[in-house]
Structure formats: structure tokens, C-alpha cells
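Work through these exercises with the coordinates open. Try each task before reading its solution.

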Amino acid sequence: MLAISLTLAAQQQVSEIVKAELYHPGIIISMLILVLCYRHKKNQDLKRQYLQLQEEKNCNIELRGIRKTVVSSLKQQLDSPVRVLQGYARIFNDPAFRLPIEERSKRYMDIANAAHTIEVILEPVIVAYSHEGTSINNEQRKICQDSLRSSLVTLTAVSEMIVDDTTHQIPQEEYLKMRSEISQCAHHVASSVRELIELCLIDEETKMEMNDEICLNEFALATLNSYDMRNRELSVEFDTNIGHDTKILTNHNALQEILNCLLSNADKYATGGVVKMSCHHAPDGTYCISIINEGTAISPEYAESLFAPFVRIPEGSHTLGLGLTLARKLSDSMGYELICDAGCTEGVCFSVTRITC
């Protein structure tokens, strides 16, 4: 704008000189040359700024590529210990499960070793997340570290106590309480680390490949049935009003992750009763998957904030508050829309919309 103003001012000066007949051809030519030189200089400046912006953009793309490579490597290293914790969290969550006494030492040493491996690799994961355009602040970074490390310390300490109990002096009732605590911590660490890793690998330009053909009802029901509800007071229910032969093209793993994140949210915050998953038609001709659980209704002004990272309900809880953030990002990358239905009267309802064939 400054360049245009100066150029117009110079042109106006030339015009006034001409009108006043106080000009000489040499003066006019000099003034025109001055204007042209000024314009050339500004054009060169704009060109340099453009090239600098392009260079910064290319540098950012390169850095994102490097970070994704690093995170992919960390994901491979964490895959085994996370699976170990997921497996034990699942079987220990079953009250009917009985672990033979002679196997206790090995099993709990497996858990302690897995927790130690994750703790060693944890800091680079948090650092990678803080550089993926998330604007993570020091308080949020502290939430990451404290929430995960407190669970890792508990996992390691309690597991080692059981391992050291070679003469089996721990009473059965106390042992079962310790096992339950290990199960909860293992589940928290495994799911939180997985969410952090997946968020690190997604940026605003990520677009998922949609090459998997699935039967929508069959897929949704299988995901619901395979989810391990931590809250044993909850029951699950499936409902649909679309044809059982309805097929869609999607990304199988990403859609399953979205539904698992929503089921996990219901598992944590449902006040009781039934968690219902439904597949239904949307008014625009697309399909929708909804997950509803009993609980306090979400007010419209608060609904969108639930998808921000590190939103924890209630405040001060030990969760990371990243599940809904991950579900929203995955939905966006697939061309879907994830919403919290603030008009739901049955409880709390999250819906994945704009699902097409």
C-alpha cells in the first residue's frame, strides 16, 4: 500500500508540473524513470518475500516429514510394550480371570518391563507432539508427563511388589485390589500413548485413503462387541435403520479408531445404564453413526470445546483428554464430521456424520 501511495504521489507531481507549464522534457523523463525504478524495486522486494515464504513452507514440510519419520520409528518401538499392557489390562479387567500363582512372577515382570520401556521413550513422544502445530503449552505438557508418569510409576512399583512376593504373603483380597489397580493403569497408559502417537502422525493436510469396502452395520456392531468396557456396570446395545447390505468405502482402521475413542469416552463418563450405538440415515442422504450414553446433557455453548486437547472432565482427573481430539482429527481427515449433539435428550450423544458410499 505504501508503494502504491508513493507511486501515485510521484505521478501527481508530474501531472501538476505539466499543468503549470513549468516543465522541461528532461524533468518529465527523469520523474518517469524515478517512478519505474521505484516500482521495480518494490517488485523485487515482493519477489524476495514470496521466495522466502516458499522456502519457509518447504522447510516446514521437510521438518514435518522428519518428525513423522521419527514418530513412526517411536511407534514401532512402543508397539510391543503397549500391546503387552493392553492385553493384561483386558484380561485383568475380567473378575473371573485367575492367574496361577506359579505364573505371577513372570507375568508381572512383563508388565514392569513394558512400563519401563514406555517411560524411557515417553519424552520424545511428548516433544514430537508439541511440534505438530498443536501449540502445546507448558501446563499441557506437564499434564502429559504427570498423567502418564504417575501411572507408569504405579505400574512398575505394584508389579515389582507382586514379583518380590516369592512366598505369596500378600492376602488374596489385597492382591486382587493390586491387580485391579494395575489393570486401570495399564489401560490408561496404553490408550494414552496410542492417542499421542496417532495425533503426532496427523496434520491439517493429512487425507486418509478410503479404499476399504465394509458393510456398515456389520462393522459398527463388531467394533461395539470387541470394545472392552472398563465400567462393568454398563451394558451395550446396537440399533440400525439402514439395510444390512449397505456398504461404504472408508478407511477401516481410522473409522474403528474413531468409534473406539467415542466408546472410551462413554466408558469413562457414562453415569450408568446402556451405551447405545446406532447406524442411521441422515437427512442429506448420507449415513451417520451415533454413540449415546446416559449422563448430564452437554450445553450447546460447551459442546465444541470438548474436542480441544487436554479438556478433562472433571478437571483434575488423570485422563489426558485427547480421545475426542483424535476422533475429530481422524474424522476431518476422512471427510466426515464429528459432532456433539447438544440437542440430545437421552444423555450424551456423539455422531460421525457425512458417511457416504
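**Exercise 1. Helix H6**

Which elements do the buried residues of H6 pack against?

Solution. The model is predicted, so local features are read only where pLDDT is at least 70.
- Step 1. Locate the helix and pick its buried positions. H6 covers residues 216-226, and its buried residues are Leu216, Asn217, Phe219, Ala220, Thr223 and Leu224.
- Step 2. List their packing partners. The buried residues of H6 pack against strand S1 (212-215), S2, strand S3 (247-250), H7, S4 and S5.

**Exercise 2. The sheet**

Give the strand order of the open sheet of five strands, and find its edges.

Solution.
- Step 1. Read the order. The strands run S2-S4-S5-S7-S6, and the pairing is mixed.
- Step 2. Find the strands that pair on one side only. These edge strands are S2 (235-240) and S6 (337-340).
- Step 3. Take the twist. From one strand to the next, the average is 15°.
- Step 4. Recall the chemistry behind the pairing. Strands of a sheet pair through backbone hydrogen bonds, in a parallel or an antiparallel sense.

**Exercise 3. Strand S7 and its partners**

How many bridges join S7 to S5, and how many pair S7 with S6?

Solution.
- Step 1. Take S5 and S7. They run antiparallel and are joined by six bridges. One residue to check is Ile292, whose bridge partner in S7 is Cys349.
- Step 2. Take S6 and S7 (residues 348-355). This pairing is also antiparallel, over four bridges. Glu337 has Thr353 as its bridge partner in S7. Cys340 stands opposite Phe350 in S7.
- Step 3. Check burial. Seven of the eight residues of S7 are buried, and the strand is mostly covered.

**Exercise 4. Helices on the sheet**

Which strands does H7 lie across, and which does H9 touch?

Solution.
- Step 1. Start with H7 (residues 252-269). This helix lies across S4 (274-281), S5 (287-293), S6 and S7, and runs at about 20° to S5.
- Step 2. Go on to H9. This helix packs on the sheet and touches S6 and S7. The direction of H9 makes about 145° with that of S6.

**Exercise 5. H5 against H9**

Describe the crossing of H5 and H9 and the residues that make it.

Solution.
- Step 1. Get the geometry. The axes of H5 (residues 172-200) and H9 (residues 323-333) come within 10 Å and cross at roughly 35°. The crossing is left-handed.
- Step 2. List the contacts. H5 contributes Glu195, Glu198 and Leu199, while H9 contributes Gly323, Thr325, Leu326 and Lys329.
- Step 3. Sort by class. The contact has two nonpolar, two polar and three charged residues.

**Exercise 6. Two asparagines**

Is Asn260 buried or partly exposed? Is Asn293 buried or exposed?

Solution.
- Step 1. Place Asn260. This residue is found in H7. Its relative accessible area is 21%, so Asn260 is partly exposed. The cut-off for buried is under 20%.
- Step 2. Find its contacts. Beyond residues up to four places away in sequence, Asn260 touches Thr223 and Tyr227. Thr223 and Asn260 are 37 residues apart in sequence, yet 7.5 Å apart from C-alpha to C-alpha.
- Step 3. Place Asn293. This residue is in S5. Its relative accessible area is 4%, so Asn293 is buried.
- Step 4. List what surrounds Asn293. With the same sequence exclusion, the contacts are Ala266, Tyr269, Ala270, Val274, Val275, Glu346, Gly347 and Val348.

**Exercise 7. Aromatic pairs**

How many aromatic pairs does a search of the whole structure find, and which residues form one cluster?

Solution.
- Step 1. Count. The search finds five pairs.
- Step 2. Examine Tyr88 and Phe92. The pair is tilted, at 5.5 Å centre to centre with 50° between the planes. The two residues are four apart in H2 (residues 25-92), so about one helical turn separates them. Both are buried.
- Step 3. Examine Tyr108 and Tyr175. This pair is edge-to-face, at 6.1 Å centre to centre with 80° between the planes. Tyr108 lies in H3 (residues 104-130) and Tyr175 in H5, so the pair ties together parts 67 residues apart in sequence. Tyr108 and Tyr175 are both buried.
- Step 4. Join the pieces. Tyr88, Phe92, Phe97, Tyr108 and Tyr175 form one aromatic cluster.

How values were computed. Residues numbered from 1 in each chain as written. Predicted model: local features only at pLDDT ≥ 70, side-chain atom pairs only at ≥ 80, totals over all residues. Heavy atoms only, no water. Axes fitted to C-alpha atoms, helices over the stretch in contact; angles between N-to-C directions. Left-handed = near helix turned anticlockwise from the far one by under 90°. Contact = heavy atoms within 4.5 Å. Nonpolar A, V, L, I, M, F, W, Y, C, P; charged D, E, K, R; others polar. Pairing = 2+ DSSP bridges. Buried < 20%, exposed > 50% of the residue type's maximum accessible area, 1.4 Å probe, protein only. Phe/Tyr/Trp six-rings, centres within 6.5 Å; stacked < 30°, edge-to-face > 60°.
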